[in-house]
Amino acid sequence: MAEKTYIDDPEELVEFAATTNHLQLPAAASPIDPLYRSKHHALANASNQVLVTAQGEGVQIYSSTDSKCLRSWTFPPGVRFACPAKYHAKYTDEGALGDSYVYAVLDSGDGIESKERGTVVWRWTDRGIGSVGLEDKIEAKYAGPIFALEPGVTAAGHLLVVHTDGSLLLATQDLEKRHQLACPVPGKAELVWYQPIEVSQSMRSYLDSRQVTDWLDGDSSLVLVLTRVTDTEVDAAYTYYISLYAVDGADASITEVGTTHINPTHLATQPLACAFDADTGTLAVLTEAGVYANFGLVTGISALDDAIIVERTKEVVLRGFVPCLNDDTQGSVLASNLLAQSQLTMAALTERYVAIAGTHSTVSHASKGPYESVLTIWDLQYGCMHAEKTLALAPAWLQGTSKKQPLPRLTYQIQPLSPRLGEGGAASEQMSLAVTVAHTADAHASLDAGAASARRAKGSKKGAANASVAWGVKIFVMSAFLPPVSLLASLRLQNNARYYVDPEKQPARAHTVHSSNILLHEEQEQGLGVLRSGWEAIVDGTAEANDADVDTVEAFIEISKRREETQNEENEVLLALANVSDAIDSDQYTQLFTDHIGIRLAPDTPVSNYGATWISAHLMTTVMRRCFAEPLGVSRS
């Protein structure tokens, strides 16, 4: 029997107070160990340490095993950070953690002018328990506000600087500029999300195989970036672009692999977070309206196509979460860095799993109290929810401040703490992660839906940057077990999402099985059982309408009717397979499946008392291959 996904009980790492303006993150957690272990990273043992950025408190390192503060760097009271501080771990030959670097971006402080906000980077050395103050501190100023830092992206330890306008800069460990690349999208761009990506052989299935070979042979890594520009034709709307970049450590350069825009109808509201599965080229997008959508990234085919294109494959409407929308426009979230401040957030854990955290209703599943703070884990392959855990918060945090503001005022950040890939490039099954939860009772433009003050603040970034907001912050750490994803396990989990997915509110173009969010698309081959080959449809349909006197129109009608009936029967089979006990093993699953399609496995095996179900070869081969034949975690060519 396949092992189940589970989340250990969350442990409180630290609780503190923070003060920010409307545009700053209250706090964030970052990993000590590198998340992307390519061939140039030492395979050191996990350090069980977490880097914490706390506004007004400074930067600290905590032990995730006993919640002790191991090191702390304090700053003057006026210093605020533009994004989470990052750690560049450096290891000894024995694999132990040696003298390492800490990077931080200052948003305000003594000597920082308003035009320099978010452009000043500090780097200092962490010498372990013997560290005293900001040792060997150096400073650099870059052109344009910074969205995030990503250290150690090459074998030489280059620092990737991601700017808020979507441009990228490659610098040395000592903050010296090496190469800068402007954002390729037209107009004034704003960065929404980015993710570093390790190069792997499986990328040949959706990217140019010659490029993949060159990347594998060199010192290369990839970065996927989502940006937006104001739509010139539609008021209060945006056009979104996906860009893929290659970072070359040998040349210390950044090149654009390709850029394409996402159809505006696919992103009716602003994306809050994304996650990319580099093994299959699947991009998951979570929007502020609670829509969880999957897109496929592929290489353009014709000369008229972009170098890369994205195609929507699945879409699920979540329910019960406290909404992030202030109004019906796309630009309703004011926070400049949604990676660290959002009421509903998502992060990639491994190549197959994502975590979604937010404030969720415990009763109505329609954004009405009482509420709880939840962490859920979903898979990217079938879109099923595999596990959930409640985060222990004070009751006051889970209530509104007044009748006019009845919703809890919480923001979330999810941060993986351990590498996504283990030795040999296989996906890690044991993951550590941190969840930062921040609460405020103060007026905030990103939390006060419909408030006149919020709308005024949205129209004045200067006013939002000067207004003060007091936060209470809790950071939780936990471990999760993430076994390989299989269809058998996913079918058992279809009812898990009944409190998070409303089948009656799913897109009309998608077919759902029961209350599942395993979607069956007629247009997509990822659909389970619904899309049958054209040969099957024609042969079966013409068998029902083979009279020579039947005209082509009637024959087509018969083919369509038979195809619809068959699809309904296939859905019944999948539904029956989904509504089984968790205790069922592979043999019982096989028996149930074959019984439904009327196959006698042995002389003493009973057959259903109804006629054999006509079932397509597509469903048969899909279920049998994915459940029993295909090696898990191995991509077919």
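This passage describes the overall make-up, aromatic groups, nonpolar cores and salt bridges of a predicted model.

The protein carries eight helices and 32 strands. Of its 637 residues, 57% count as buried. Contacts reach well along the chain: among those with a separation of 6 or more, 62% are between residues 24 or more positions apart. The accessible surface comes to about 26800 Å², and carbon and sulfur atoms hold 51% of that area.

A good place to start looking is the set of aromatic rings. The structure holds nine aromatic pairs. One of them joins Phe 75 and Phe 81 in an edge-to-face arrangement, with 5.2 Å from centre to centre and 85 degrees between the planes. Both of these phenylalanines are buried. Tyr 101 and Tyr 103 also form a pair, with ring centres 6.5 Å apart; their planes stand at 80 degrees, so this pair is edge-to-face. Tyr 101 counts as buried because its relative accessibility is 14%, and Tyr 103 counts as buried at 0%. Phe 75 and Phe 81 appear again in an aromatic cluster, which they form together with Trp 73, Trp 122 and Trp 124.

Two rings are also worth viewing for the charges above them. The ring of Trp 122, a member of the cluster just described, has the charged end of Lys 137 over it, at 4.1 Å from the ring centre. In another part of the model, the charged end of Arg 228 sits over the ring of Tyr 238, and here the distance to the centre is 3.7 Å.

Attention now turns to the nonpolar interior. In soluble globular proteins, nonpolar side chains tend to be buried together. The largest nonpolar core here has 30 residues, and Met 203, Leu 224, Phe 276 and Leu 283 are those with the most contacts inside it. Strand E18, which spans residues 238-248, gives the most to this core, with five residues. Leaving aside residues up to four places away in sequence, Met 203 touches Ile 197, Glu 198, Val 212, Leu 222 and Ala 278. Another core lies apart from this one; its 26 residues include Tyr 382, Leu 433, Val 435 and Ala 480.

Val 310 offers a view of the packing around a single residue. Its place is in strand E23, residues 308-317. With a relative accessible area of 18%, Val 310 falls under the 20% limit and therefore counts as buried. When residues up to four places away in sequence are not counted, Val 310 touches Thr 260, His 261 and Ile 262, and also Phe 295, Gly 296 and Leu 297. The C-alpha atoms of Val 310 and Ile 242 are separated by 8.2 Å, although these residues are 68 residues apart along the chain.

Charged side chains complete the picture. Side chains of opposite charge can pair when their charged atoms come close. In this model the count comes to 16 salt bridges. One of them is formed by Lys 141 and Glu 116, whose closest N and O atoms are 3.0 Å apart. Lys 141 lies in strand E11 (residues 135-141), while Glu 116 lies in the loop between strand E9 (100-108) and strand E10 (120-126), so the pair ties together parts that are 25 residues apart in sequence. The two partners differ in their cover: Lys 141 is partly exposed, at 44% relative accessible area, whereas Glu 116 is buried, at 15%.

Arg 228, already noted over the ring of Tyr 238, also forms a salt bridge with Glu 190, the closest N and O atoms being 3.3 Å apart. This pair links distant parts of the chain, with Arg 228 in strand E17 (residues 220-230) and Glu 190 in strand E16 (residues 189-197), 38 residues apart. Arg 228 counts as buried at 8% relative accessibility, whereas Glu 190 is partly exposed, at 29%.

In a further salt bridge, the side chains of Asp 277 and Arg 352 meet at 2.5 Å, N to O. Asp 277 belongs to strand E20 (residues 271-277) and Arg 352 to the loop between strand E24 (344-348) and strand E25 (353-361), so that the pair links parts of the chain 75 residues apart. Both Asp 277 and Arg 352 are buried. Finally, salt bridges with shared partners join Asp 99, Arg 127, Glu 135 and Asp 136 into one network.

Note on methods. Residues numbered from 1 in each chain as written. Predicted model: local features only at pLDDT ≥ 70, side-chain atom pairs only at ≥ 80, totals over all residues. Heavy atoms only, no water. Helix = DSSP H or I, 4+ residues; strand = E, 2+ residues; numbered from the N terminus. Buried < 20%, exposed > 50% of the residue type's maximum accessible area, 1.4 Å probe, protein only. Contact = heavy atoms within 4.5 Å. Areas by Shrake-Rupley, 256 points an atom, 1.4 Å probe, with all protein chains shown as cover. Phe/Tyr/Trp six-rings, centres within 6.5 Å; stacked < 30°, edge-to-face > 60°. Lys NZ or Arg CZ within 6 Å of the ring centre and 35° of its normal. Core = buried A, V, L, I, M, F, W, Y, C linked by side-chain atoms within 4.5 Å. Salt bridge = Lys/Arg side-chain N within 4 Å of Asp/Glu carboxyl O.
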